[in-house]
Amino acid sequence: MTGTIDIKVEKIKKSRVSENDINNVAFGKCFSDHMFVAEYADGKWQKASIMPYGDVPMSYAMSALHYGQAIFEGMKAYKSDKGEVSIFRAPDNFKRLNKSAVRMAMPEIPEDLFMNGLIELIRLDSAWVPSSETGSLYIRPFLIATDEAIGVKISDTYKFVIITCPAGKYYSEPIKVLVETNYYRAVKGGVGFVKAAGNYGRSLYPTKLAQQKGYQQVIWTDSETQQYFEESGTMNVMFVIGDKLLTPGLSDTILDGVTRNSVLALARDWGMPVEERKVSIKEVFEAIENGTIKEVFGCGTAATIAQIIGIGHNGKEYALPPVSERKFSTRVDETLRNIRKGKMEDKHGWMMKVPL
Ligand SMILES: *Cc1c(COP(=O)(O)O)cnc(C)c1O
């Protein structure tokens with residue numbers, strides 16, 4: 001029961017969890033027993049239900065498919081050694097989803113609908129939360145326009161859905177990135193600061209070109225001057241130069257990452273100087289040349305920290321210090337893992353316990 005809308009629950013007849021090795025499944029392809037679905041029509045949120053995960057009938061004319069009114073979130077639930085389940089920073093993802101909704105002219109989701117749906121879903125599927133050291137349950141809330149109509153306009157109907165999938169031993173190999181100055185992830189006045197589906201579609205072609213040159217990802221630059229780093233792939237990017245942590249400041253082309261925010265909070269807790277500002281290609285390459293660069297990494301919910309060990313630019317490849325020497329990001333990774341697993345004090349109140 002939410003303040004405004006009842007959640008109707010239809011449980012699966014027999015759980016599929018024992019058919020899957022949830023601590024080892026490939027990421028993103030195995031879905032847990034249930035999903036949460038809420039419907040918006042006639043100017044308000046109306047029906048909400050939890051039902052067995054599965055296919056649903058939808059029209060090929062559905063407006064999300066043609067004109068891209070589609071947004072999403074990504075967050076994770078963790079299981080402690082005692083078997084308690086907690087979700088990391090859910091209120092931040094909730095707020096960001098509504099920020100995305102506003103920019104894409106979609107209806108905002110009431111907080112109780114989001115939180116009650118989320119908590120009830122994770123409670124029901126708590127057996128799907130991996131207990132391995134680096135395991136988690138990945139949670140994908142999304143909002144799509146469902147009008148059956150061809151014609152560009154704001155949709156009148158929407159569905160808000162939450163699906164989840166176990167992420168076993170998530171480990172991200174160190175990556176090499178290519179500086180991208182021909183294609184842009186985001187532009188001034190655009191939608192780069194929100195999690196709109198189209199941002200990801202547009203990134204695939206430049207990423208494919210980079211992969212053909214032997215890089216795993218691109219590192220995006222700003223569309224106006226090509227002088228400043230923005231993000232790497234679908235992660236925020238950070239640099240440790242000397243004793244300082246540098247990361248591009250938030251703007252309408254930078255996604256306000258929850259992991260980014262958490263890394264900055266830990267750095268400040270530890271008394272490390274932090275600068276959120278434009279970071280130029282020039283200063284980074286100078287720091288590589290004069291040996292003051294210590295670490296470069298991407299950060300996001302999927303990997304937490306993705307170490308960047310090489311940067312390609314103008315036909316040259318620049319090597320970065322080995323991962324084994326990266327004290328700061330290694331400490332961040334361990335600290336976040338310990339907080340999430342309930343092994344370290346959660347000073348910032350990041351974990352939300354799910355009543356089981
Ligand atoms: C989701 C995302 C991030 C990381 O955000 P988190 O909240 O840390 O997962 C960074 N950049 C882009 C473009 C993203 O889509």
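**Exercise 1. Strand β5 and its partners**

Task: Determine which residues of β5 point one way and which the other way, and whether they are buried or exposed.

Solution. Step 1: M75, A77 and K79 point to one side of β5, K76 and Y78 point the other way, and all are buried. Here buried means under 20% relative accessible area, exposed over 50%, and partly exposed in between (1.4 Å probe, protein chains only). Strands (E, at least two residues) and helices (H or I, at least four) are DSSP runs, numbered from the N terminus. The structure is a predicted model, in which local features need pLDDT of at least 70 and side-chain atom pairs count only at pLDDT 80 or more, while totals for chains, interfaces and linings use all residues. Residues are numbered from 1 along each chain as its sequence is written, and side-chain values use heavy atoms, with hydrogens and water left out.

Step 2: For β5, which spans residues 75-79, the count is 5 of 5 residues buried, and the strand is mostly covered.

Step 3: Identify the pairings, where two strands pair if DSSP finds at least two bridges between them. Strand β7 (residues 136-145) runs antiparallel to β5 and is joined to it by 3 bridges; M75 stands opposite I139 in β7. Strand β6 (residues 85-88) also pairs with β5 in the antiparallel sense, over 3 bridges, and Y78 stands opposite S86 in β6.

Step 4: Examine the turn. The hairpin of β5 and β6 has 5 residues between the strands, and G83 takes a positive phi near 90° there.

**Exercise 2. The sides of helix α7**

Task: Establish which residues of α7 are buried and which are exposed on the other side.

Solution. Step 1: In α7 (residues 281-289), the buried residues are I281, V284, F285, A287 and I288.

Step 2: These residues cover an arc of only 155° around the axis, so they lie on the same side of α7. The arc is that of the directions from the helix axis to the C-beta atoms.

Step 3: K282 and E289 are exposed on the other side of α7.

Step 4: After α7 comes G291, with a positive phi near 75°.

**Exercise 3. Positive phi outside glycine**

Task: Locate R89 and A105 and state how accessible R89 and A105 are.

Solution. Step 1: Most residues other than glycine have a negative phi.

Step 2: R89, although not a glycine, has a positive phi of about 50°. R89 lies in the loop between β6 and α2 (90-103) and is buried, with a relative accessible area of 7%.

Step 3: A105 is likewise not a glycine and has a positive phi of about 55°. The loop between α2 and α3 (111-124) contains A105, which is partly exposed at a relative accessible area of 35%.

**Exercise 4. The largest pocket**

Task: Describe the largest pocket by volume, lining classes and domains.

Solution. Step 1: The volume is about 910 Å³. Of the 37 lining residues, K195, Y200, T234, M235 and A302 are the closest to the pocket centre.

Step 2: A pocket is an open set of points on a 1 Å grid over the protein atoms alone where a 1.4 Å probe fits, with protein on both sides within 12 Å along at least five of seven lines; lining residues have an atom within 4 Å of a point. Grid points are joined across faces, edges and corners, and the volume is the space filled by probe spheres set on the points.

Step 3: The lining has 16 nonpolar, 15 polar and 6 charged residues. Ala, Val, Leu, Ile, Met, Phe, Trp, Tyr, Cys and Pro count as nonpolar, Asp, Glu, Lys and Arg as charged, and the others, Gly among them, as polar.

Step 4: Domain 1 (8-168) and domain 2 (175-340) each contribute at least three residues to the lining; the bounds come from an automatic or database domain assignment.
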